[in-house]
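Grab a coffee and work through a few short exercises on the structure below. Try each task yourself before you read the solution.

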Amino acid sequence: MKIAAVRDEHEQVEARLIQLLESQLDSEWGDGLPILPPTHQSVDAFVRHAGMDGAHVLGKFRPSEIEVSVRDVAINAIMAGCKPGYAPVVVAMVRALMDEEFDVWGVACSTKGSAPLVIVNGPIRREIGINCRGNVFGPGFRANATIGRAVRLMILNLGRARPNELDKGTLGHPGRFSYCIGEDEEDSPWTPLHLERGLKAGESAVTVFGGESLRLVNVHYNSADAVLAGIVSTLACPGILNAGNLTGRSPHVLVLAKEHRDLLNARGWNKARIREYVAERAVIPEEALKQVAGEADGPLAVLQKPEDLLIVAAGGHAGRFAAIIPGWSWQSQPVTVRVQTGKQEQ
Amino acid sequence: MVFELMNPAGNVNVRVSKVANRLRVLKGARLGLLDNGKTNAAKFLNMVADILVREYGVGAVKMFSKDTLAKPASRELLHAIIADSDFVVTGLGDCGSCSTNSVHDSIEIEKLGIPAVAVCTEPFLPGLDALTRMRGMPDYKFAVSPHPLGVLFDDELKGRAQLVVPQIVQIVLGSAESAQRAATTASAPVTP
């Protein structure tokens, strides 16, 4: 009888927990996937790791223009499944998202349906387990999955950009669930992204980039020139460029996995040289442009300048693949924020 | 057993404002146009202005442009607009970020004291209604056109201009007389 009573009690607790999780799934505060319930204890732990007061306001989140506190961020991060130890990265990410240069309003609400790609650099990657290698854009790594997801929960709940309401993304893309990668600095022969963007060795950083889904560059011929030709032709694609419109003339991201990296590096290519070369050659001919734009006054360069191509070393160590991620618009520029750990000045 | 969970939605601290006073007459009123740089926005706004001048006796028309296409207009630009206008038409709001920004700009202009009507297309209504509440002006009204708009060629674009003008008049005057006039012309419904 006693055993049966204990089993009944356990079943009741289980049922209560499942009911709670089910109701969260159906609530408006979610991305369609189950969340971790944001209890006071878990949120307080996250806030402590952020090194700031929970009430401290980090900035305004658009389009709602809600003033977002460290606690607001913690609640959404916990729901996403973030560990308290991720707090410094999440806070840096939110600061970057709310930067006017990034224009999260446009990235989140435009019919183009873009998503913030989060790129993590520096020692923090190892500390919290950010995947930089195989399946870097895919599932299986809590830090990548949940930090990326925290972006979306904040856009939904704090920015108040909900699908078919303020978020008018026509198709959206899977990166809107989670889109977070780390740079494989240990294997790459090149300068890491955050150092190129002004940070110092030993520092960690988060870069946010408003982007479409990735387009695979699939070149297996054993020549650096072939890889570059593949990159150029993937960029200079008339069907994705919308030249005359808000959503054209955007920055782009190029992700190079090891095999392509090593091949290029062996022939003397580095990020700066690749950028210059690709910016000059990724040009859509006038005739091709006319077909998709109705009119054209000459050929069109996809990249406005070499600096508009961010290059990230990431991905598995076998496989001759790279990826191009076109940006949302010239109106959203990538933003890099230093990750601060420990107690901070507010 | 009760689970106490925290609210992920932050706090919306909104000061509710009423729309600006309506105009008593359109005749001789100065019209400001705010072009957000979208395809054919300037062309369409000029078509709207032509009808307002020819059929409703609107006076001077001045075009303003913002270079931040789908971002809010700067305060300097807003002040420049209201200095030379009695009412404003903004556009085009035929995509997600630009429609919300056109309505945002128009609400800011209303807070500065003159009527401002954003021209947006039907699919964007649910988000725009949400935005007017977030900006604390739930009685803000905008003109609605069927979708698409900016990508259309001239003849269809003119047709759309003819559809939205009666709505603009009705909103700016807010009177029964203009409402009757609007009702005699084919028009898409004004959002409540």
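What follows is a set of exercises with worked solutions, all based on a predicted model.

**Exercise 1. Two helices in chain A**

Work out how α2(A) and α3(A) are oriented to each other, and which residues make the contact.

Solution.
- Step 1: Two packed helices are described by the angle between their axes and the distance between the axes.
- Step 2: Here helix α2 of chain A covers residues 40-50 and helix α3 of chain A covers residues 70-80; they pack at an angle of about 120 degrees, with their axes 9 Å apart.
- Step 3: An angle from 65 to 115 degrees would count as roughly perpendicular, and one over 145 as roughly antiparallel. The angle of about 120 degrees fits neither class, and α2(A) and α3(A) are therefore oblique to each other.
- Step 4: As for handedness, α2(A) and α3(A) cross in the right-handed sense.
- Step 5: On the α2(A) side, the contact uses Ser42(A), Val43(A), Phe46(A), Val47(A) and Ala50(A). From α3(A) come Val70(A), Arg71(A), Ala74(A), Ile75(A), Ala77(A) and Ile78(A).
- Step 6: Sorting the residues of this α2(A)-α3(A) contact by character gives nine nonpolar, one polar and one charged.

**Exercise 2. A sheet in chain A**

Find the strand order of the four-stranded open sheet in chain A, its edges, and the helix α4 that packs on it.

Solution.
- Step 1: Read across the sheet and you get β4-β3-β5-β12 of chain A, with mixed pairing.
- Step 2: β4 (180-182) and β12 (335-338) of chain A pair on one side only, which makes them the edge strands.
- Step 3: From one strand to the next, the twist averages 20 degrees.
- Step 4: Now zoom in on one pair. Strand β3 (residues 115-121) of chain A runs parallel to β4(A), and three bridges join them. In one of the bridges, Val118(A) has Cys180(A) of β4(A) as its partner.
- Step 5: Add the helix. Helix α4 (residues 87-98) of chain A packs on the sheet and touches β3, β5 (205-211) and β12 of chain A. The direction of α4 makes about 45 degrees with that of β5(A).

**Exercise 3. Where the chains meet**

Describe what chain A brings to its contact with chain B.

Solution.
- Step 1: Start with the residue counts: 36 residues come from chain A and 25 residues from chain B.
- Step 2: Next, list the chain A elements that each supply at least two residues: α1 (2-26), α2, β2 (66-69), α3, α5 (104-109) and α7 (142-157).
- Step 3: The largest share, four residues, comes from α3(A). That's the helix you met in Exercise 1, where α3(A) packs with α2(A).
- Step 4: By character, the chain A side divides into 17 nonpolar, 12 polar and seven charged residues.

**Exercise 4. A strand inside chain B**

Decide whether β3(B) is enclosed or open, and find its partners.

Solution.
- Step 1: Get your bearings first: chain B has six helices and five strands, running β-α-β-α-β-α-β-α-β-α-α from the N terminus.
- Step 2: Of the 192 residues in chain B, 47% are buried.
- Step 3: In β3(B), seven of the seven residues are buried, so the strand is largely enclosed by the rest of the structure.
- Step 4: β3(B) pairs in the parallel sense with β1(B) over five bridges, and also runs parallel to strand β4 (residues 116-121) of chain B, with four bridges.
- Step 5: Thr90(B) ties this together. Thr90(B) is the bridge partner of Leu34(B), and Thr90(B) also stands opposite Ala118(B) in β4(B).

**Exercise 5. Unusual backbone spots**

Say where the positive phi values of Asn135(A) and Asn40(B) sit, and locate two cis peptide bonds in chain B.

Solution.
- Step 1: Know the background: most residues other than glycine have a negative phi, and most peptide bonds are trans.
- Step 2: Asn135(A) has phi near 60 degrees and belongs to the loop between α6 (124-128) and α7 of chain A. Asn135(A) is exposed, with 12 other C-beta atoms within 10 Å.
- Step 3: Asn40(B) has phi of about 65 degrees and sits in the loop between β1 (31-35) and α1 (41-56) of chain B. Asn40(B) counts as buried, with 20 C-beta neighbours inside 10 Å.
- Step 4: One cis bond runs from Gly91(B) to Leu92(B), and Leu92(B) lies in β3 of chain B.
- Step 5: Another cis bond links His147(B) to Pro148(B); Pro148(B) is in the loop between β5 (143-145) and α5 (154-173) of chain B.

Conventions. Residues are numbered from 1 along each chain as its sequence is written. Chains are lettered from A and ligands numbered from 1 in the order in which they are written. This is a predicted model: local features need pLDDT of at least 70, side-chain atom pairs count only at pLDDT 80 or more; totals for chains, interfaces and linings use all residues. Axes are lines fitted to C-alpha atoms, for helices over the stretch in contact, and angles run from 0 to 180 degrees between N-to-C directions. Angles under 35 degrees count as roughly parallel, over 145 as roughly antiparallel, 65 to 115 as roughly perpendicular and the rest as oblique. A crossing is left-handed if the near helix is turned anticlockwise from the far one by less than a right angle, and right-handed if clockwise. Two residues are in contact if their C-beta atoms, placed from the backbone, lie within 7 Å. Ala, Val, Leu, Ile, Met, Phe, Trp, Tyr, Cys and Pro count as nonpolar, Asp, Glu, Lys and Arg as charged, and the others, Gly among them, as polar. Two strands pair if DSSP finds at least two bridges between them.
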